[in-house]
Amino acid sequence: MCGIIGYTGHSAAAPILLDGLRRLEYRGYDSAGLALVGAGTLTEIKEVGKVARLEEACAGFPELENDVCCGIAHTRWATHGVPSAVNAHPHCDEKYEFAIVHNGIVENHHELRAHLEKKGYHFRSSTDSEVIVHLIAEAYEGDLLSATAAAVRQLSGTYGIAVVSSRHPGLIVAARKGSPLVIGLGEGENLIASDISALLPRTRKVIYLNDGDIAAIRPDGIDLRDVSNVPVEREVAKIDWDAAAAEKGNFPHFMLKEIFEQPETVENAIRGRLNLEMGNAVLNGLELSPRDLAQISRIVIAGCGSSMHAGMVGEYYFEDIAGISTSVEQAAEFRYRNPIIEPNTLVIPISQSGETADTIAAVREAVGKGALVTALCNVVGSTIAREAGRGVYLHAGPEISVASTKAFSSQVAVLLLMALLLGRNRRLSRSEGSELAREIEQAPELIRQVLAQAETIRAIAKRYAAFDDFFYIGRGCLYPTALEGALKLKEISYVHAEGYHAAELKHGPIALLDERHPVLALANDIPGREKILGNIQECRARRAPVVAVATVGDREVEQLTDDVIFVPACSRFIAPLPTAVALQLFAYFIAVERGCEIDQPRNLAKSVTVE
Ligand code: G6P
């Protein structure tokens, strides 16, 4: 979704802003722009398309090279108004004295626009955002912070904004409600961004803004006010990701790099969190005593996209390992349908970014209803991590590819640790716990073994790259894994792919099967395999090509199917991990074969920060 970067310091701002925008590209966008302020000047440059086009356009302004050291920039993902240079941010007032960039949605923009137009303000764009700059111009009486505060008081909806003015070179004002903003603290320079990955090359010291916060950012300091305009100090957080972690290295795409990182990222998710001897997990961030744990009578998991699929795997874990009744909710459903939260319900919001609007709303609903809330997030200090109050971090490092891979496997690994902890707290014996702990410890190695077969998977994917419809089927924990596999293929290759419970195939989808509809059957050697073999026969009887994922050495599956991706033997609890990795590679190689733009698929955003 839209990205914001702002810089004020003593270096030329344009190259820093362009570099920041490049680091935000992964969020998905359709146009980009920047505004630079020097002494009494404001230059606005906007382009449709990629940041590279904006960079070319900036080359036409050589005067920006040296002495313009303050500016704001934006990548826009269209919501109100088509992708165009006029609708791209920044938006300026009529006299080009103020410029703003905005993430979020101004819900009352129609009324505000009508009110401003009546007063003679002219609008250039059809965006909801442009009202903000005119409101600032209207409220301005010499103090940019106060004018911005007066403007945002009139907005309903969500915003993360950054504002500059030719009357205040060196100053950026930022304000947040419902759309993330983080200040980067440098040496003699400061930055503002919607996402820490844009800050990493210049600093790892950051301050997360809270909803209602407004900040005046200058090269030598920050003036921060809370929602009641009271000066506040906020904690300075240190980011342990480095800039290299957010770069592609030798990989052609972030997605492939992140797929290959999984042995380490799953290792990071479990490191220090397993007690093999006691057969238990140690999750300090949960902040729940054994007594609190014993009182949990129900678990509700909320998330979107891949995070929801990970939650669905978790549902099997909590019920099977810990014997706790669990349900998974699409986060938007959770927020709107008045969920039943009892005193001992544990709500687990899952979000890689920690900024997904629907999942944030689900957290607020759960907290407001008095649930125990424990978040699973990857981004440290993100809104969900902070508002949930307690949780378990994934430690997967920055995930840049829009299609989630390593965050999914880390979420699954952490859910398994949580299930082990809750299981040991109730019905699991020490030896059963130790056995599971040892299996979890093996997961990174099993993933490594799947990655070692990347070339074989590539060859299989090539044979299927021309098909336009796929079915993915699985049972047990491999049912949500099938959903996730199908999602990967849709996201990056634009191929129609549907995940189904294998038993559901006969209840409709089988009507579609013929030689043009390949079926990916998850036939690992875990309980349910025999039934999947039956489903494979049904597919073949309709002449559908079948690719199976099967356990190494399974000749029966090999003979039954057209192609097999072999994964190492493991229990049903671990199976989603190597299997998901195999499906990620399959989807990736199909997308490569079809020439798709893998890291920034059309229409998708990494983090969906609006409803
Ligand atoms: C978007 C992304 C998905 C992601 C989902 C949830 O749709 O494209 O990859 O799974 O949001 O994101 P979250 O950050 O909450 O896990």
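**Exercise 1. Identify which residues around the ligand come nearest, and state how polar side-chain atoms of the serines are placed.**

Step 1. In this predicted model, local features need pLDDT of at least 70, side-chain atom pairs count only at pLDDT 80 or more, and totals for chains, interfaces and linings use all residues. Residues are numbered from 1 along each chain as its sequence is written, and side-chain values use heavy atoms, with hydrogens and water left out.

Step 2. A residue is taken as near a molecule or strand if one of its heavy atoms lies within 4 Å of it; of the 14 residues around the ligand, those that come nearest are Ser307, Ser351, Gln352, Ser353 and Thr356.

Step 3. Ser307 places a polar side-chain atom 2.6 Å from an oxygen atom of the ligand, the side chain of Ser351 has an N or O atom 2.6 Å from an oxygen atom of the ligand, and for Ser353 the distance from a polar side-chain atom to a ligand oxygen atom is 2.6 Å.

**Exercise 2. Describe the contact between domain 2 and domain 3.**

Step 1. The bounds, which come from an automatic or database domain assignment, divide the chain into domain 1 (3–245), domain 2 (248–451) and domain 3 (453–602).

Step 2. The centres of domain 2 and domain 3, taken over C-alpha atoms, are separated by 25 Å, and the contact (heavy atoms within 4.5 Å) takes 36 residues from domain 2 and 35 residues from domain 3.

Step 3. The buried area, meaning the accessible area (1.4 Å probe) that two parts lose on being put together, summed over both, is about 3000 Å² between domain 2 and domain 3, and carbon and sulfur atoms give 71% of it. Met255, Tyr316 and Val450 supply 20% of what domain 2 buries against domain 3, more than any other three residues.

Step 4. Between domain 2 and domain 3 the count is 1 salt bridge, where the term requires a side-chain nitrogen of Lys or Arg within 4 Å of a carboxyl oxygen of Asp or Glu. The side chains of Asp320 and Arg572 meet in a salt bridge, at 3.1 Å from N to O.

**Exercise 3. Explain what the salt bridge between Asp211 and Arg176 ties together.**

Step 1. In the salt bridge of Asp211 with Arg176, the closest N and O atoms are 2.7 Å apart.

Step 2. Because Asp211 lies in the loop between strand 11 (205–208) and strand 12 (214–218), whereas Arg176 is in strand 8 (residues 172–177), the pair ties together parts that are 35 residues apart in sequence. Strands here are DSSP runs (E, at least two residues) and helices are runs of H or I (at least four residues), numbered from the N terminus.

**Exercise 4. Locate the backbone features at Pro90 and Glu287.**

Step 1. Most residues other than glycine have a negative phi, and most peptide bonds are trans.

Step 2. The peptide bond from His89 to Pro90 is cis, with omega near 0°, and Pro90 sits in the loop between strand 4 (70–76) and strand 5 (91–92).

Step 3. Glu287, although not a glycine, has a positive phi of about 50°, and Glu287 belongs to the loop between strand 16 (280–281) and helix 9 (290–295).

Technical notes
Polar contact = N/O pair within 3.5 Å; in protein donor to acceptor, adjacent residues only side chain to side chain.
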